[in-house]
Amino acid sequence: MTAHALAGALADERRRTVFAAIVLGARDVPTVVARTGLPARDAAVAVRRLTDAGLLADDGDGLRVDAERLREFARAGAASPAAPAANPRETILRTFLRDGALTRLPAQRGRRRVLLEHITERTFEPGRRYPEREVDDALRRWCEGGEADHVTLRRYLIDDMLLTREHGVYWRTGP
C-alpha cells in the first residue's frame with residue numbers, strides 16, 4: 001500500500017468513521033451501523049473499500065484492523081518516504097488478489113482484463129490443450145475463499161478471448 005492508497009482509503013469521512021468504529025471494537029456491519037449512525041449500505045460499502053485497500057480484515061471472528069498491513073506500510077514509508085506512484089497493473093492485482101486467490105472480479109472491464117491476463121499467464125501454458133475438468137480445477141484454486149466462482153471466471157476468459165474452447169478442450173489464445 002502506498003501513501004496515496006492509504007490517503008485515498010481514508011479520504012472519505014464515512015470510511016474514516018467506519019475505520020474508527022472498528023478500531024474501537026465493532027466487529028461487524030450491524031455494530032458499525034449502531035455505533036456510527038450511518039445507513040447500513042454506506043457502512044457496508046465503506047467496510048468493503050477499507051478491506052479492499054488492506055486496512056481491514058475479516059478473520060472469521062469478525063472485522064479487525066489489519067495491523068500487519070499497517071506495519072508494512074509504516075516500514076515501507078520509513079524506508080522510502082518519497083516512493084513513486086504504484087504501477088497501475090500492480091495496484092489492480094493487489095486490490096483483487098489476496099494470498100494468490102481472487103477476492104472478487106472487478107466490474108470495470110479494463111481492470112477485469114488486467115486480472116484475467118494475469119490469471120491466464122500464471123495458469124495456462126501457450127500451445128497446451130486442457131480438458132474442461134483440468135481448467136475447472138485450476139480456476140477453482142483462484143476462486144477459493146473469494147466472491148467469484150470458477151464458472152464465471154472461465155466464461156470471462158473465453159469472452160475476452162484469452163481461452164478458446166472446442167468440444168470440451170481449452171487452450172490459451174491471449175497474450
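A residue counts as buried when its relative accessible area is under 20%, as exposed when it is over 50%, and as partly exposed in between. Keep those cut-offs in mind while touring this predicted model, and begin by selecting Arg 14, which counts as partly exposed because its relative accessibility is 39%. Show the side chain of Asp 12 as well, and you will find that it meets the side chain of Arg 14 in a salt bridge, at 3.1 Å from N to O.

Move next to Gly 25, which sits in the loop between α2 (13-23) and α3 (29-36) and, with a relative accessibility of 36%, is also classed as partly exposed. If you add Arg 64 to the selection, you will see a residue that is 39 residues away from Gly 25 along the chain, although their C-alpha atoms are separated by 7.9 Å.

Now select residues 129-131, 163-166 and 169-172. The first two ranges are β5 and β6, the edge strands, each of which pairs on one side only, and the last is β7, which pairs with β5 in the antiparallel sense over three bridges. Together the three strands make an open, antiparallel sheet in the order β5-β7-β6, with a twist that averages 30° from one strand to the next. For a single pair to look at within it, choose Pro 131, which stands opposite Val 169 in β7.

Helix α8 (residues 132-143) is the next stop: it packs on the sheet, touching β5, β6 and β7, and its direction makes about 85° with that of β5. Colour its buried residues, which are Val 135, Asp 136, Ala 138, Leu 139, Trp 142 and Cys 143; looking down the axis of α8, you will find them within an arc of 165°, so they line one face of the helix. On the other side of α8, Arg 133 and Arg 141 are exposed, and just after the helix Gly 145 takes a positive phi of about 80°.

Stay with Asp 136 and show Arg 154, since the side chains of these two meet in a salt bridge of 2.5 Å, N to O. Asp 136 belongs to helix α8 and Arg 154 to helix α9 (residues 150-159), so the pair ties together parts that are 18 residues apart in sequence. Asp 136 is buried at 10% relative accessibility, and Arg 154 is buried at 11%.

For comparison, select Arg 128 and Glu 134, whose side chains meet in a salt bridge of 2.6 Å, N to O; here Arg 128 is partly exposed at 34%, and Glu 134 is partly exposed at 31%. Finish with Arg 109, Arg 113, Glu 117 and Asp 160, which are linked in a network of salt bridges.

Methods. Residues numbered from 1 in each chain as written. Predicted model: local features only at pLDDT ≥ 70, side-chain atom pairs only at ≥ 80, totals over all residues. Heavy atoms only, no water. Pairing = 2+ DSSP bridges. Helix = DSSP H or I, 4+ residues; strand = E, 2+ residues; numbered from the N terminus. Axes fitted to C-alpha atoms, helices over the stretch in contact; angles between N-to-C directions. Contact = heavy atoms within 4.5 Å. Buried < 20%, exposed > 50% of the residue type's maximum accessible area, 1.4 Å probe, protein only. Arc of directions from axis to C-beta. Salt bridge = Lys/Arg side-chain N within 4 Å of Asp/Glu carboxyl O.
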